[in-house]
Amino acid sequence: SRDGATEARRRATGRLLEIGERCAQVATLALEVATHGHEAIRPDVAAARRLAGSGSECALDLADENLRPEEDQEWARLDKRRAWRARLLLQRAAPPLRGE
């Protein structure tokens, strides 16, 4: 049924947003560690930041596919806002590090 498909899309979108948010948080934390941590761990932290950033972008892109522009349901409006906040967090983790 149409309602069943919408509910499945809503649940899948929520899971993707959760993954995107968590990965964006890891990328942000990696930037913090790289900025203030020991020089010896910088390459590992930079790699973690790139992996987390890529994972976040992929999950958020997939969530966007489920959030149709014409979707005007409350859950879709809230999820669009969640995706926007996660992308903002991801942007904060984007400045290049020395040696990158």
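Seven salt bridges are found in this structure, which is a predicted model. Side chains of opposite charge can pair when their charged atoms come close. One such pair is made by Glu7 and Arg11, whose side chains meet at 3.6 Å, N to O. Because Glu7 and Arg11 are four residues apart in helix α1, about one helical turn separates them. Glu7 is partly exposed, at 29% relative accessibility, and Arg11 is likewise partly exposed, with a relative accessible area of 46%.

Another salt bridge joins Arg42 to Glu39, and here the closest N and O atoms are 3.0 Å apart. Arg42 is buried, with a relative accessible area of 8%. A further pair consists of Arg87 and Asp61, whose side chains meet in a salt bridge of 2.8 Å, N to O. Since Arg87 lies in helix α3 and Asp61 lies in helix α2, this pair ties together parts that are 26 residues apart in sequence. Arg87 is partly exposed, with a relative accessible area of 26%, and Asp61 is partly exposed as well, at 42%. Returning to helix α1, salt bridges that share partners join Glu7, Arg10 and Arg11 into one network.

Asp79, which is found in helix α3, is buried and yet has no salt bridge. The nearest side chain of opposite charge belongs to Arg82 and is 4.0 Å away. Leaving aside residues up to four places away in sequence, Asp79 touches Arg10, Thr13, Gly14, Leu17 and Leu67. Arg10 therefore appears both among these contacts of Asp79 and in the network with Glu7 and Arg11.The surface offers a nonpolar patch, formed by Leu29, Val33 and Ile41, which together have about 230 Å² of accessible area. Leu29 has its place in helix α1, which covers residues 2-36, and Leu29 is exposed, with a relative accessible area of 55%. Pro69 is also exposed, at 75% relative accessibility, and is found in the loop between α2 (42-66) and α3 (74-92). The C-alpha atoms of Pro69 and Lys80 are separated by 9.5 Å, although these residues are eleven apart along the chain.

Finally, what does a search for disulfides find in the whole structure? A disulfide is a covalent bond between the sulfur atoms of two cysteines, and the search finds zero of them. The reason can be seen in Cys23, whose sulfur is 9.1 Å from the closest cysteine sulfur, that of Cys58, which is too far for a bond. Cys58 itself is partly exposed, with a relative accessible area of 45%.

Notes. Residues are numbered from 1 along each chain as its sequence is written. This is a predicted model: local features need pLDDT of at least 70, side-chain atom pairs count only at pLDDT 80 or more; totals for chains, interfaces and linings use all residues. Side-chain values use heavy atoms; hydrogens and water are left out. A disulfide is a pair of cysteine sulfur atoms within 2.5 Å. Buried means under 20% relative accessible area, exposed over 50%, partly exposed in between (1.4 Å probe, protein chains only). Helices (H or I, at least four residues) and strands (E, at least two) are DSSP runs, numbered from the N terminus. Patches are made of residues with over 30% relative accessible area and no salt bridge: like charges are joined within 9 Å, nonpolar side chains (Val, Leu, Ile, Met, Phe, Trp, Tyr) within 5 Å. Accessible areas come from the Shrake-Rupley method with a 1.4 Å probe; for residues, only the protein chains shown count as cover. Lys and Arg count as positive and Asp and Glu as negative; His and the chain ends are not counted. Contact means heavy atoms within 4.5 Å.
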